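Welcome! Here is a short guided tour of one protein model, written for someone who is just starting out with structures. Keep the picture in view as you read.

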Amino acid sequence: MKKALDLAKKGLGYTSPNPLVGAVLVKDGKVIGKGYHRFYGGPHAEVYAIEDAGTEARGATLYVNLEPCSHYGKTPPCALKIIEAGIKRVVVAMEDPNPLVSGKGIKLLKEAGIEVEVGLMEGEARRLNEIFLKYISTDLPFVIIKTAQTLDGYLATGTGDAKWITNREARLYGHKLRHQVDAILVGIGTVLADNPSLTTRLPAGGGRDGIRIVLDSKLRIPPEARIINQDSPAKTIIACGQEVDQNKILQLQDKKGVEILPLPLNREGRIPLRELLSRFHSDGISSILVEGGSRVNYSFLKSGLVDRVYTFIAPKILGGSDGIPAFTGKGPAKMDGLKRLKNVRCQNLGDNLLVIGDL
């Protein structure tokens, strides 16, 4: 099962909104076939493993980290493929919470006389597919906030200079995160200050660009901004208010891959985050990496929409009170009102520290 989980990880960044799945076929104590779900719309892990084993699959045991599907989607049901291959035993880490499956695949296998065991390494399987689990069971995508800050909590100096707070290893890690999510979100303040492209830049040109999202209630984005002129297969969505310059909308829509999303603003004159995220969920966006400035970070945190935090800390001290903090807004009056992280993990990236925690 560990081998199946490791194989599943190879699909990171390519299968969304589908889950990460790996499969291993074993016969007489030997691995005879293996596979993983490689890309959305492509064959599932079980299909690759069965094809890898060929006729040897008959009488074998299949280990898979998620219940085989039982419905026709982009591909035929994997449960039928398993039955046709003559596999005699299937070990499943966890049931698929997708209402289209949800125990039906396991039932189909058992009715065909196949021995089925469920629950081996279930905790690890759930952690691997936590983005998929939230996406399939709620109307919201999985939200991550990423900050790169000084030891005393600043994203930039008072003049907005932030290049570079963290080291090369930390920045590379950030690009790996971009590759793994469906979308990267910033506020218009970040666009005006840094003019980012928000593309994924990994060694040897690897990595997939996520959808770029800009929160821009007044549609202030310059037509020459990199984020809407970058040569990338990923589109850019600009969320704005409904009372904006219609000529500006038309001008921006002429740009390749740019989508303008007018929304009614909330009472504070801001983009309503929950409604926005629910709409993205409906469009198949299962995960969003927030790389915003301090106000956007605060808005997401205050709204209770954040699932995970990645905080990169450099051994540098601004030493003043005039920098730009990681979060800007009114905090709680007492310590018991603070947001407390759980499942905290720490990792050294050269002389930088990465702290990961769940909310």
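One residue to find as you begin is Leu 359, which counts as partly exposed because its relative accessibility is 36%. Leu 359 sits in the segment after strand β16 (352–358). Please remember that this is a predicted model. The points below are grouped by topic, so you can take them one at a time.

**On the surface**

- Together with Leu 341 and Val 344, Leu 359 makes a nonpolar surface patch of about 220 Å².

**A hairpin early in the chain**

- Strand β1 (residues 22–27) and strand β2 (residues 30–36) run antiparallel, and six bridges join them.
- Which residue of β2 stands opposite Val 26? The partner is Val 31.
- The two strands form a hairpin, with two residues between them.
- Asp 28 lies in the loop between β1 and β2, and its phi is near 55°, a positive value in a residue other than glycine.
- Is Asp 28 buried or exposed? Asp 28 counts as exposed, because its relative accessibility is 76%.

**Other backbone features to look for**

- Leu 198 also is not a glycine, and it has a positive phi of about 60°.
- You can find Leu 198 in the loop between α8 (188–194) and β9 (211–215); with a relative accessible area of 3%, Leu 198 is buried.
- Gly 284, just after helix α10, takes a positive phi of about 90°.
- Ser 16 and Pro 17 are joined by a cis peptide bond, with omega about 5°. Pro 17 is in the loop between α1 (2–8) and β1.
- Another cis peptide bond joins Lys 163 and Trp 164, and there omega is about -10°. Trp 164 belongs to the loop between β7 (154–156) and α7 (168–180).

**Salt bridges within helices**

- Side chains of opposite charge can pair when their charged atoms come close.
- How many salt bridges does a search of the whole structure find? The search finds 14.
- In helix α1, Lys 2 and Asp 6 lie four residues apart, about one turn of the helix. Their side chains meet in a salt bridge of 3.1 Å, N to O.
- Lys 2 is exposed, with a relative accessible area of 53%, while Asp 6 counts as partly exposed at 34% relative accessibility.
- Helix α5 holds Glu 122 and Arg 126, again four residues apart, about one turn of the helix. Glu 122 forms a salt bridge with Arg 126, and the closest N and O atoms are 3.1 Å apart.
- Both of these count as partly exposed: Glu 122 at 31% relative accessibility and Arg 126 at 39%.
- Why can residues with this spacing meet? An α-helix has 3.6 residues a turn, so residues three or four places apart point the same way.

**A salt bridge between strands**

- The side chains of Asp 358 and Arg 308 meet in a salt bridge of 2.5 Å, N to O. Asp 358 lies in strand β16 and Arg 308 in strand β13, so this pair ties together parts that are 50 residues apart in sequence.
- Asp 358 counts as buried at 10% relative accessibility, and Arg 308 is buried with a relative accessible area of 7%.
- Asp 358 and Arg 308 are linked with Glu 130 and Arg 345 in a network of salt bridges.

**Empty spaces**

- Rolling a probe the size of a water molecule over the atoms shows where empty space is left.
- The second largest pocket has a volume of about 1000 Å³. Its lining is made of 42 residues, and among those nearest its centre are Glu 130 and Arg 308.
- Elements that each supply at least two residues of this pocket's lining include α1, β13 and β16.
- The structure holds one cavity of 30 Å³ or more. Residues lining the largest cavity include Lys 235, Glu 259 and Phe 280.

**Buried residues**

- Phe 280 is one of the buried residues in helix α10 (residues 273–282), and Leu 273, Leu 276 and Leu 277 are also among them.
- Leu 289, in strand β12 (residues 287–290), is buried with a relative accessible area of 0%.

Technical notes
Residues numbered from 1 in each chain as written. Predicted model: local features only at pLDDT ≥ 70, side-chain atom pairs only at ≥ 80, totals over all residues. Heavy atoms only, no water. Pairing = 2+ DSSP bridges. Patch = residues over 30% accessible without salt bridge, like charges linked within 9 Å, V, L, I, M, F, W, Y side chains within 5 Å. Areas by Shrake-Rupley, 256 points an atom, 1.4 Å probe, with all protein chains shown as cover. Salt bridge = Lys/Arg side-chain N within 4 Å of Asp/Glu carboxyl O. Buried < 20%, exposed > 50% of the residue type's maximum accessible area, 1.4 Å probe, protein only. 1 Å grid on protein atoms, 1.4 Å probe; cavity = no way out; pocket = protein on both sides within 12 Å on 5 of 7 lines; lining within 4 Å. Points joined across faces, edges and corners; volume = space filled by probe spheres on them.
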